[in-house]
Amino acid sequence: MNATVSLTTPAVAVDIEGVNLSYGTNHVLKNVSLAIEPGEFFAFLGPSGCGKTTLLRLIAGFNHADTGEVRIGGKPITDLPPWKRDVGMVFQSYALWPHMTVRRNVAFGLEERGVKRAEVERRVEAALGLVGLAHLAERRPSQLSGGQQQRVAVARTVAVEPKVLLLDEPLSNLDAKMRVQVRRELRDLQQRLGLTTIFVTHDQEEANTICDRIAVMNDGIVQQVGTPMELYERPANLFVAGFLGTANILGGKLSGNGGTRVFEIEGGTRVPVPADAQVPEGAKLVFRPQHASLGDAGPAGDGMLALPCTVANREFLGASVRYGVRIGTTEVAVDVPFQSGSGLFEVGSGATLRLSPRSLLWLAA
Amino acid sequence: MTAIPTSVPRPRRIAGTPGQIALALAIAAFLLMFLVLPVATVIYVAFTEKGTSTFTLVNFYDFVRTELFMRSLWNSFYVSAMSVVWASVFALPLAYLTTRFVFRGAAIVQTLGFLPLIMPPFVGAVAMQLFFGRNGSVNLLLDDWFGFKIDFMEGLNGVIFVQSVHYFPFILINLSAALRNVDRAMEEAAQNLGSSGFRLFRRIVFPLAMPGYLAGASLVFVKVFDDLATPLLLNVKDMLAPQAYLRVTSIGIADPMGYVISVVLIIASVLAMWLSARALKGRDYATTQRGGGGLAKRVMTPMEAVFGYGIVILILALVLAPHLGLLLLSFATIWSFSPLPDAFTTAHYARVFGESSIYIKNTLIYASIAGGIDVVLGVAIAYLVLRTRLIGREWLDWMASAALAIPGVVLGIGYLRTFYGITLPDGTPLAALWITIVMALAIRRLPYALRACYAALQQISVSLEEAAENLGATKARTVRRIVVPLMAGGILAGFVTSFSTAAVELSATLMLVQSNSDAPLAYGLYVFMQSAAGRGPGAALGVVAVILVAACTFLSHLIIERSQKAKGMGH
Amino acid sequence: MLNRRLALAATLGLSLSASFTAIALAQAPAGKVTVVTSFSKDVTDPIKKAFEKAVPGVTLEVQNRNTNAGVKYVEETKANNQVDLFWASAPDAFEVLKGKKLLTAYKPKATGIPEKIGSYPINDPAGFYFGFAASGYGIMWNDRYAKANKLPEPKDWQDLAKPVFYDHVSIAAPSRSGTTHLTIETILQGEGWDKGWRTIKEMAGNFRSINERSFGVPEQVNSGQVGVGIVIDFFAFSAQASGFPVKFVYPSVTTVVPANVGIIANPPNKAAAEAFIEFLLSPTGQEVLLEPGIRRLPVNPAVYAKAGADYPNPFTDPRFQKMIGFDVDKSEGRTAVVDTLFDQMISFQLGGLKGVTKVLHEVDAALAKKPNDKAKALADEARVLIAAMPVSEAQAASPELRGAFTGGKEKGARQAEVEAQWASFARDNYAKAKARAEEALKAAK
């Protein structure tokens, strides 16, 4: 995508405050509040049914909150109909109108705004140029590939220079290779336009790779908001930990207090809890596979935690080897960097799982 | 979910599966047997030279040379086109308001808006005259109050008025079905880009519903073009269909011109259908990527609501006035040259229930079977035309659509000629069985169901079927489990149209009725309306018919609404 | 009933051979007898009831069709005929059926029925169909309509040509309605070809509409959409019986003609068909005709004793004796020509005809105030142009012209050609007449 003309508008903030939405008894959004910064590339991430698309459509004006407010650039838009909101949305299905050519599709929003014909032409060219499809302007949507359709949908939306860009799973209809390419293009485009963008996805990799910040949603509730790294490093709860990356979760019981707290894992192994660690009520022990290592049976040294375990399975991933090891009845994953020549643990053999206490998290649901 | 399907036809085999070929052949055989052959036995006269049976086109030369026929041809075109315009004016607001908005009583509006189509013959005409005629209620009151009259029912404009009131439901039904199928994302995308209100409708929603609109509009056009009852009722004779009818049914005159005109009617109808199909060609209207779940109903602002309900009530009042007249007539003792009847009575209903329940029962049976046959054929033909590459598949469509243009009386005579010679073991002719009436009804109403099915299938994305095939469903099972359920709205619309118009069909059935016990309602009406004393009972029978058919229609609308609700609750 | 009648016949000593009685008894009518009729339920229901009571074991199956459709139906199904009887008004329809050999000859045994009613023979001389009731043609009008529009009571055909009736008169097309055809033919026979057509066209200039169904006319008059209709009498009588504010008059030139019944060729139930004819002609059957909903004139003079005093009796009423005779053969010979002339010169040119008529009415009004010879001469010229016919009476009955309408056999002029000629003849003449009339109007003012 080579932008010949840049379409820019001053970036605005999107504030969502105390939004509740129900369909009958189905409480879809529960007291959702978010502050999205101007120019930010923001993701709503969560499994299907978590309310992320509902929230996006609410911003676009297709759904209506029972309570709460949405502000764009500080101005409440709750009472505005969709066509007065000036937020551009790219639909999951692209929703390209089959009875119009690509050019007519892209020109549509401008024409609706009463933009002069010459200006429409110029901006259509610019928008199509932006997505690299100027040469396909006279085609009908049905004559385009999926990736091309996606770009037309984006061009159609940015052509009107919306204040906010909403993307509803824009990559889900593309193949894996296209997906990687298009997400880069989207990020690139967003950067150049400086447009506040909200991106709905269920794919954590998509969110991680292109978004500045992510709101992880589940069951109509915003679980946590943060940069991809924050969410990975410091998930707020078990859901976030499990949804972003792989997390090993061990149930157990906390006992003692102050500096002598001990977490006893199901099966009997006792893990000392660092004095500064936060352990919420009913918490479980969480660690990432790459923060653990495997060693021969034996005592741990240098403050490392050592848990006896049995190797249950083994997968070669290239850069690392992932072992499934059993601690008591729970199986956890451990990633060991692969170095040629080094020995591997055989399935069925005993081993010791070593963990730095600093990499341990205690999270509740 | 996949991308928007490519309309570029994917390479399929030229011939099609053996099942498809068998299906196509079966339909072709059916149409040949019950449509082409009977009609051919009647209209071949158009191509023979007088005095001999040699082939000639001189009769068509006569047609072109005769001022009356050319005037009739032009009048027919003019009236048909104007009727489409007015029918659209009536149908568009009703269809749009009831499908795209949260509209209380949408099912009732849809049902009431459908009623004009089921105007029973004869009595309907009388009721219309009593209301809108030169000395009808409206004009008598106007004359009384303001000293002028409006010629609602005079000349070509009268025909246009009555026809557009009568046939606008075709557009209403088909357009509503199409509007229901427009993917909400299509509309939302436009709103998101700043479009709203009428512009949104004009630029996005309406074009996307175009297959449905064109299906309805072409039906209206062809139907008006081929209708003879209304012009004759209004004593307008210089139109083609009445000319054909008058000539075909005059006794003692063996004139080919009636059949020549029939041929012209058939050609014009097929042409109109072909043009409407042509207009959609090369465009992709499959907009239901979500599997038919595309209904975004908006809530109206108070102002919009007042306006919307106002318009709906106004239109309904206009188009239902004939039914109101019918209702009054059915309770009237004497109604003559006065705005309202002299007095009221329920005696007519007593007489109808005493004498005529057999007509009603027969009608319901015949019309249901005919409607059933029509939707089966309609789905099959639509599927073959739109989803296979069978050679000559369009001919099935043309053939079936041509039925629209064949005057009922020509079909009736054709049936008598073709099936009267065939006798059953006990000596009764095949044509004497009531099933012959059903076949005639089915053939006459097939184009309605076909257009509805066609439009419904056109809006379904091929990818939905491909997905099913991909998951291991055979073609037949895909049709049964995916296509038919997704077409349900269109199929039901087709059934309702066929059913209810068959229920009040007159011309072909009148020719084929063999005994009172097998006679349908139209025959009962005909018998009643032959005398002054039968006017009230005739109207009462008409009211009963309308109520019955309306009840069936209402029920099916409820079903549509429910299934749409079940499908539409996505997010 | 039949048995009783036979007994009656025997006691009266009428000639009935024993062998015939035996045959009649051996073929005692039973089962279903099917009749195709144009008569309304009001007529058929009481007769069906009375017939089934009189001849137990026989059910009358009534197939209601208009006359044209009925003839067509019988014709189309002749290969495997299931119909026993044809029962309708217009003798012409029976003539067509007879001509196509679709009727069976029969000799009714009923007595007391004269040969003629007025000057019209009651039965087909060849014995293919039989009159069972009579009807006369006349003018029916809606009283409320007449009062509202200040119309005088019409008495004769010529009255309908008066300016005051402009746009108030309705008629059925003779090509569509056998009874109207007879009305037109009656005028033509009564007044002669040229004068008759002149009367018809002058009347037609006042027509509001030309209906394609004969019942359409009384319906329009009943509901008050049109003021005056040219109809067969029982339409008016039964409307009056139902309470409609309508009146009826027999004009001076008209006739009573019988309504008929005949047996179809190869009837499935011949015995029952004959029994039905015998019933219709019997005193019991004849009396049913007096019911207010039917109100036909019985053909058995004795039955009128049972009718009310004001019931018209064509056998004694002097008005009916004046009525002209009607030549069925003449009528039959030119049916298609007369009907087509009417359609091409009047039905399909009604706009032109009404246009010139309206101007002529205005000329008359102007002349009444201030006589003007030049205007009068021009108006007369216009009237001559309107009245002109493209064919003479002799030509109308000529085989060449008739051949054009039979469609088959001999080669010759095609109907469409002939029609186009007549239509343009009428159109040109009306246009010329209008020019004269407008000139006359200018002169008269």
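## A walk through chains B and C

In chain C, 79% of the contacts between residues at least 6 apart in sequence join residues at least 24 apart. Please keep in mind as you read that this is a predicted model.

**Chain C as a whole.** Let us stay with chain C for a moment. Its secondary structure comes to 20 helices and 13 strands, and 56% of its 445 residues are buried. Measured out along the principal axes, the C-alpha trace spans about 80 × 55 × 35 Å. How does the radius of gyration of chain C fit a compact globule? For 445 residues such a globule would have a value near 22 Å, and the 24 Å of chain C agrees with that.

**Two unusual backbone angles in chain C.** Two residues of chain C are worth a look on your screen. Each has a positive phi although it is not a glycine: Lys101(C) and Asp167(C). The table puts them side by side.

| Residue | Phi | Loop in chain C | C-beta neighbours inside 10 Å |
|---|---|---|---|
| Lys101(C) | about 60° | between α5 (91–99) and β4 (103–104) | 10 |
| Asp167(C) | about 70° | between α6 (143–148) and β8 (169–172) | 16 |

Are these residues buried or exposed? With its 10 neighbours, Lys101(C) counts as exposed, because the limit for that class is 12 or fewer. Asp167(C), with 16, counts as partly exposed.

**How the chains meet.** Two pairs of chains are in contact, and of these, chains B and C share the most contacts. Chain A and chain C do not touch, and their nearest C-alpha atoms are 47 Å apart. Where chain C meets chain B, 63 residues of chain C are in contact with 54 residues of chain B. Helix α20 of chain C (residues 415–444) gives the largest share of the chain C side, namely seven residues. Sorted by class, that side has 21 nonpolar, 26 polar and 16 charged residues.

**Chain B as a whole.** On to the partner. Chain B has 24 helices and zero strands. Of its 571 residues, 61% count as buried. Among its contacts with a separation of 6 or more, 80% are between residues 24 or more positions apart.

**Helix pairs in chain B.** Two packed helices are described by the angle between their axes and the distance between the axes. Helix α1 (residues 18–43) and helix α17 (residues 393–402) of chain B pack at an angle of about 30°, with their axes 10 Å apart. That angle makes α1(B) roughly parallel to α17(B), and their crossing is left-handed. On the α1(B) side, the contact is made by Ala24(B), Ile27(B), Ala28(B), Leu31(B), Leu35(B) and Val36(B), while α17(B) brings Arg393(B), Leu396(B), Met399(B) and Ala400(B). By class, this contact has nine nonpolar, no polar and one charged residues.

A second pair is formed by helix α4 (residues 106–114) and helix α7 (residues 155–181) of chain B, whose axes come within 9 Å and cross at roughly 145°. Here Gln110(B), Gly113(B) and Phe114(B) of α4(B) meet Pro169(B), Leu172(B), Ile173(B) and Ser176(B) of α7(B). This contact has four nonpolar, three polar and no charged residues.

**Phe170(B), a residue of helix α7.** Helix α7 of chain B also holds Phe170(B). This residue is buried, with 29 other C-beta atoms within 10 Å. Which residues does Phe170(B) touch, not counting those up to four places away in sequence? They are Gly216(B), Leu219(B), Val220(B) and Lys223(B). Tyr359(B) lies 189 residues from Phe170(B) in sequence and 26 Å from it in space, C-alpha to C-alpha.

**An enclosed helix.** Finally, turn to helix α8 (residues 184–192) of chain B. Nine of its nine residues are buried, so this helix is largely enclosed by the rest of the structure. Among the buried residues of α8(B) are Arg184(B), Glu187(B), Glu188(B), Gln191(B) and Asn192(B). What covers them? The cover of the buried residues of α8(B) includes α1 (52–60), β6 (87–90) and α2 (102–112) of chain A, together with α9 (197–208) of chain B. Just after α8(B), Gly194(B) takes a positive phi of about 100°.

Technical notes: Residues numbered from 1 in each chain as written. Chains lettered and ligands numbered in written order. Predicted model: local features only at pLDDT ≥ 70, side-chain atom pairs only at ≥ 80, totals over all residues. Contact = placed C-beta atoms within 7 Å. Helix = DSSP H or I, 4+ residues; strand = E, 2+ residues; numbered from the N terminus. Nonpolar A, V, L, I, M, F, W, Y, C, P; charged D, E, K, R; others polar. Axes fitted to C-alpha atoms, helices over the stretch in contact; angles between N-to-C directions. Parallel < 35°, antiparallel > 145°, perpendicular 65-115°, else oblique. Left-handed = near helix turned anticlockwise from the far one by under 90°. Rg over C-alpha atoms; globule rule 2.2 N^0.38 Å. Buried ≥ 20, exposed ≤ 12 C-beta atoms within 10 Å, placed from the backbone.
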